[in-house]
Amino acid sequence: MSSKYMVRQVEIGAQADVITALWSRCLESLTPQAAASRLQHRYLRNPAGVGATLLLEQAQPPEVAGVQCLYSRVFHQHGRTWRVAGMADYAVAESHRTLGPALQLMKQGLAVARDTHDWVYGLANPKSEAVCKRSGLRLFGNLGRWTRLLRSGRALRERLPGLVAGLAAPVLDLALFVRDALMLGKAGALRWQDGRAFDPALDEVWQRHDSALLLSERSRCVLEWRFDEEEHGRWTVSLARRADGTALGYVVWQAQDDTAAIADFLCTDPLHGTALLMRSFAWHMRGHGVQRLSLEFFGAPGVEEGLRRAGYIRRPDERPVYLADGAQATPAPEHWYFTGFDRDGD
């Protein structure tokens with residue numbers, strides 16, 4: 001029963017050993033070393049602030065049974081800012097995974113988030129959806145996955161016998177190349193620069209972005225923090241410039257097998273320029289030898305239409321985005337700009 005438990009807010013640094021031990025036991029593929037890195041980087045070094053952490057504790061026998069963390073982000077729209085809490089790194093030890101304790105922990109986490117932040121969001125996996133719904137979170141939208149095929153070899157091998165796939169791939173690849181060349185248009189005039197470092201021109205994109213959209217801060221220093229190599233692996237930052245040298249936008253991506261996994265993308269005019277940026281990026285990525293591009297997005301229909309016009313297809317697998325009931329009024333979903341950058345799952 002939940003009455004056997006108590007939830008208390010703690011300083012994450014002071015309870016680092018307890019929290020990282022619980023994470024490494026409960027969160028899939030998170031080693032003790034990776035857990036310690038996550039705590040230091042995601043919370044203690046967060047440019048938006050440390051956030052908040054709660055522990056679920058069993059009274060008798062005394063035992064730490066779970067943890068709920070809230071990481072902070074600063075969101076912007078029309079010159080206004082909000083301090084927002086993202087629910088993350090929620091873990092309950094296996095012997096305590098009944099609805100009562102899990103619900104008690106999440107409800108208290110939401111209460112703390114409401115007191116310390118303007119509003120709260122979270123992304124649920126199938127195992128935690130029931131707890132999210134009963135704790136006071138409401139479904140707000142879905143983070144969709146979009147893909148674009150550049151080469152056909154893997155896709156054909158997944159569906160056809162090896163010999164048939166081998167014969168069909170060159171023909172289909174030629175068709176894909178011709179399609180991309182015909183679609184290119186003005187996007188062909190963009191010039192791309194790839195690097196591991198975060199170019200100062202990224203601040204130019206951030207400062208000139210369309211303020212009508214609600215999005216979390218993507219200044220150069222925040223991007224450097226979010227895609228820190230120690231915490232998140234090696235990412236490539238591809239910067240797009242117009243012919244006159246001004247920065248139009250960027251894409252942050254990572255090669256995963258034969259796929260370029262795109263964690264974030266932004267241009268100065270997302271509602272009208274996404275098609276140009278992402279069509280040009282697809283052509284640019286042909287030189288990197290990947291077979292497909294994959295990204296996540298939730299929000300403005302104009303951005304989604306830009307992705308479609310650039311040849312990206314929305315896949316059926318989605319992740320629900322939840323907001324907390326009782327929070328300050330938030331802009332409608334059609335004004336959001338939310339990508340894998342905001343998920344903090346990699």
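## Salt bridges

In this predicted model, the structure holds 16 salt bridges. One of them joins the side chains of R343 and E296, with N and O 2.9 Å apart, and this pair ties together distant parts of the chain, since R343 belongs to the segment after β14 (337-339) while E296 sits in strand β12, 47 residues away. The two partners fall in separate exposure classes: R343 is partly exposed, with a relative accessible area of 22%, whereas E296, at 16% relative accessibility, counts as buried because the limit for that class is under 20%.

R314 takes part in two of the pairings described here. With E304, the closest N and O atoms are 2.9 Å apart, and the link again spans distant parts of the chain, from helix α11 for E304 to strand β13 (residues 313-324) for R314, ten residues apart. E304 counts as buried at 13% relative accessibility, and R314 counts as partly exposed at 27%. The side chain of R314 also meets that of E318 in a salt bridge of 2.9 Å, N to O, and E318 counts as partly exposed at 37% relative accessibility. Elsewhere, R73, R218, D264 and D342 are linked in a network of salt bridges.

## Nonpolar cores

The largest nonpolar core has 47 residues, of which F265, M278, F281, L293 and Y312 touch the most other members. At least two residues of this core come from each of the helices α7 (201-208), α8 (220-226), α10 (270-285) and α11 (301-309), and likewise from each of the strands β9 (236-241), β10 (247-256), β11 (259-267) and β12. Apart from this core lies another, of 33 residues, with L27, L30, V67 and L123 among them. In soluble globular proteins, nonpolar side chains tend to be buried together.

Leaving aside neighbours within four places in sequence, Y312 is in contact with W146, T147, R148, M278, F281, A282, L293, L295 and L307. The contacts of Y312 thus include M278, F281 and L293, which are themselves named with Y312 as touching the most other members of the core.

## Two buried strand residues

R292 is placed in strand β12 (residues 292-299) and is buried, with a relative accessible area of 19%; it falls in that class because the cut-off is under 20%. The C-alpha atoms of R292 and L149 are separated by 4.5 Å, although these residues stand 143 residues apart along the chain. Beyond neighbours within four places in sequence, R292 is in contact with R148, L149, L150, R154, A155, E158, D258, T259 and A260.

V237, in strand β9, counts as buried at 5% relative accessibility. Its C-alpha lies 8.1 Å from that of Q193, 44 residues away in sequence. Not counting residues up to four places away in sequence, V237 touches Q193, D194, G195, A197, F198, L202, V251 and V252.

## Helices and a surface patch

Helix α3 (residues 99-116) has 18 residues and reaches 26 Å from its first C-alpha to its last, close to the 26 Å expected at 1.5 Å a residue. Buried positions in α3 are P101, A102, L103, L105, M106, G109, L110, V112 and A113. Helix α2 (residues 32-44), with 13 residues, reaches 17 Å between its first and last C-alpha atoms, close to the 18 Å expected at 1.5 Å a residue, and its buried residues are A35, S37, R38, L39, H41, R42 and Y43.

On the surface, L174, F177, V178 and L182 form a nonpolar patch with about 420 Å² of accessible area together. L182 lies in helix α6 (residues 162-184) and is exposed, with a relative accessible area of 71%.

## Backbone features

The peptide bond from Q60 to P61 is cis, with omega near -15 degrees, and P61 lies in the loop between β2 (52-58) and β3 (63-77).

H78 has a positive phi of about 50 degrees although it is not a glycine, and D89, also not a glycine, has a positive phi of about 50 degrees as well. Their surroundings can be set side by side: H78 is found in the loop between β3 and β4 (80-92) and is exposed, with a relative accessible area of 58%, whereas D89 is placed in strand β4 and is buried, with a relative accessible area of 9%.

Terms used: Residues are numbered from 1 along each chain as its sequence is written. This is a predicted model: local features need pLDDT of at least 70, side-chain atom pairs count only at pLDDT 80 or more; totals for chains, interfaces and linings use all residues. Side-chain values use heavy atoms; hydrogens and water are left out. Helices (H or I, at least four residues) and strands (E, at least two) are DSSP runs, numbered from the N terminus. Buried means under 20% relative accessible area, exposed over 50%, partly exposed in between (1.4 Å probe, protein chains only). Contact means heavy atoms within 4.5 Å. A nonpolar core is a set of buried Ala, Val, Leu, Ile, Met, Phe, Trp, Tyr and Cys residues joined through side-chain atoms within 4.5 Å. Patches are made of residues with over 30% relative accessible area and no salt bridge: like charges are joined within 9 Å, nonpolar side chains (Val, Leu, Ile, Met, Phe, Trp, Tyr) within 5 Å. Accessible areas come from the Shrake-Rupley method with a 1.4 Å probe; for residues, only the protein chains shown count as cover. A salt bridge is a side-chain nitrogen of Lys or Arg within 4 Å of a carboxyl oxygen of Asp or Glu. The expected span of a helix is 1.5 Å times one less than its number of residues.
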